[in-house]
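Hi,

Here is the structure I promised to pass on. Have a look at it first, then read my notes underneath.

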Amino acid sequence: MDGAPIVVHRPSGSGGRRVTLHRHGRDEILGLAFSDHDLVVFLEAAGLIDPNTVLDDPRWVEWRDGPPHRWTAT
């Protein structure tokens with residue numbers, strides 16, 4: 001696999017960031033996160049144990065086109 005399995009996409013103009021998870025050979029949209037809490041909830045629902053520990057690990061999470069933990073467009 002190339003890249004991190006979890007991608008937090010760029011902030012949308014209306015706020016929030018789409019979150020995808022690459023597993024079983026495909027990308028699955030987990031939802032639109034508006035906070036770190038939302039992201040953690042999505043990852044827990046996807047089966048990740050203690051997702052707080054991977055949010056800043058680039059092997060697990062790629063934050064695209066925006067700084068990590070920022071949920072609104074600038």
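Below is what turned up, starting with the core and moving on to the salt bridges.

A quick word on the source: this is a predicted model, so local features need pLDDT of at least 70 and side-chain atom pairs count only at pLDDT 80 or more, while totals for chains, interfaces and linings use all residues. Residues are numbered from 1 along each chain as its sequence is written, and side-chain values use heavy atoms, with hydrogens and water left out.

The largest nonpolar core (buried Ala, Val, Leu, Ile, Met, Phe, Trp, Tyr and Cys residues joined through side-chain atoms within 4.5 Å) has 16 residues. Inside this core, I6, L39 and L43 have the most contacts. At least two core residues come from each of β1 (6-11), β2 (17-23), β3 (26-33), α1 (36-45) and β4 (61-63); helices (H or I, at least four residues) and strands (E, at least two) are DSSP runs, numbered from the N terminus. The biggest share is from α1, with 3 residues.

Next, the salt bridges (a side-chain nitrogen of Lys or Arg within 4 Å of a carboxyl oxygen of Asp or Glu). The structure has 3 of them:

- E28 pairs with R23 at 3.0 Å, N to O.
- R59 pairs with D57, with the closest N and O atoms 2.7 Å apart. R59 is exposed at 66% relative accessibility, but D57 is buried at 13% (buried is under 20% relative accessible area, exposed over 50%, partly exposed in between; 1.4 Å probe, protein chains only).
- E62 pairs with R64, the closest N and O atoms being 2.9 Å apart.

Cheers
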